[in-house]
Amino acid sequence: MSLEKLRREAEYVTLYVGDIIIDLMTGNVGILLRLERKIDVIEDDVYFWEISWASTPTAPYHVPSSKYMEEASLKLSIVAGLYDRYSNRDSIILLE
């Protein structure tokens, strides 16, 4: 799949506070805590997710995951299959 197609698909990914992500390479599990806006000279507004990671430090390939991930890169990693995402919005049941 081309990078441009992945970028188009990533536009349809919506992330929410409380979403769970799993790094499929390391098995690390993270929870999205909050979204921060940063100002960049070139890109203008850039958004970063603060993530709380739980991991298995006994694994031989253990690498600590970054506490912050740029939102566009995270979305691209999800559609590319590097991360699984479980949205807290997927499990909401509407009661009437």
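These legends accompany close-up views of a predicted model.

**View 1. The whole chain combines 2 helices and 5 strands.**
From the N terminus, the elements run α-β-β-β-β-α-β. The protein chain has 96 residues, and 27% of them count as buried. Its accessible surface is about 6,900 Å². Carbon and sulfur atoms hold 56% of that surface. Of the contacts between residues at least 6 apart in sequence, 49% join residues at least 24 apart.

**View 2. Five strands form an open sheet with antiparallel pairing.**
The strand order is 4-3-2-1-5. Strand 4 (68–70) and strand 5 (83–86) are the edges. Each has a single partner strand, so one side of each lacks a neighbour in the sheet. From one strand to the next, the twist averages 40°.

**View 3. Strand 1 pairs with strand 2 in the antiparallel sense.**
Strand 1 covers residues 20–23, and strand 2 covers residues 29–40. The pairing runs over 3 bridges. Look for I20: its bridge partner in strand 2 is I31. In general, strands of a sheet pair through backbone hydrogen bonds.

**View 4. Helix 2 lies across the strands.**
Helix 2 spans residues 71–80. It lies across strand 1, strand 2, strand 3 (44–54), strand 4 and strand 5. Relative to strand 4, helix 2 runs at about 80°.

**View 5. E36 and K38 meet in a salt bridge.**
The N to O distance is 3.0 Å. Which of the two is buried? E36 is, with a relative accessible area of 13%. K38 is partly exposed at 39%.

**View 6. D45 forms a salt bridge with R37.**
The closest N and O atoms are 3.1 Å apart. D45 counts as partly exposed, at 30% relative accessibility.

**View 7. K67 and E50 form a salt bridge between a loop and a strand.**
Here the closest N and O atoms are 3.7 Å apart. K67 sits in the loop between strand 3 and strand 4, while E50 belongs to strand 3, so the pair ties together parts 17 residues apart in sequence. K67 is partly exposed, with a relative accessible area of 46%. E50 counts as buried at 11% relative accessibility.

**View 8. Salt bridges link several side chains into a network.**
Which residues take part? R34, E36, K38, E50 and K67 are linked. The network brings together the E36 and K38 of one salt bridge and the K67 and E50 of another. In the whole structure, a search finds 7 salt bridges.

Notes:
Residues are numbered from 1 along each chain as its sequence is written. This is a predicted model: local features need pLDDT of at least 70, side-chain atom pairs count only at pLDDT 80 or more; totals for chains, interfaces and linings use all residues. Side-chain values use heavy atoms; hydrogens and water are left out. Helices (H or I, at least four residues) and strands (E, at least two) are DSSP runs, numbered from the N terminus. Buried means under 20% relative accessible area, exposed over 50%, partly exposed in between (1.4 Å probe, protein chains only). Contact means heavy atoms within 4.5 Å. Accessible areas come from the Shrake-Rupley method with a 1.4 Å probe; for residues, only the protein chains shown count as cover. Two strands pair if DSSP finds at least two bridges between them. Axes are lines fitted to C-alpha atoms, for helices over the stretch in contact, and angles run from 0 to 180 degrees between N-to-C directions. A salt bridge is a side-chain nitrogen of Lys or Arg within 4 Å of a carboxyl oxygen of Asp or Glu.
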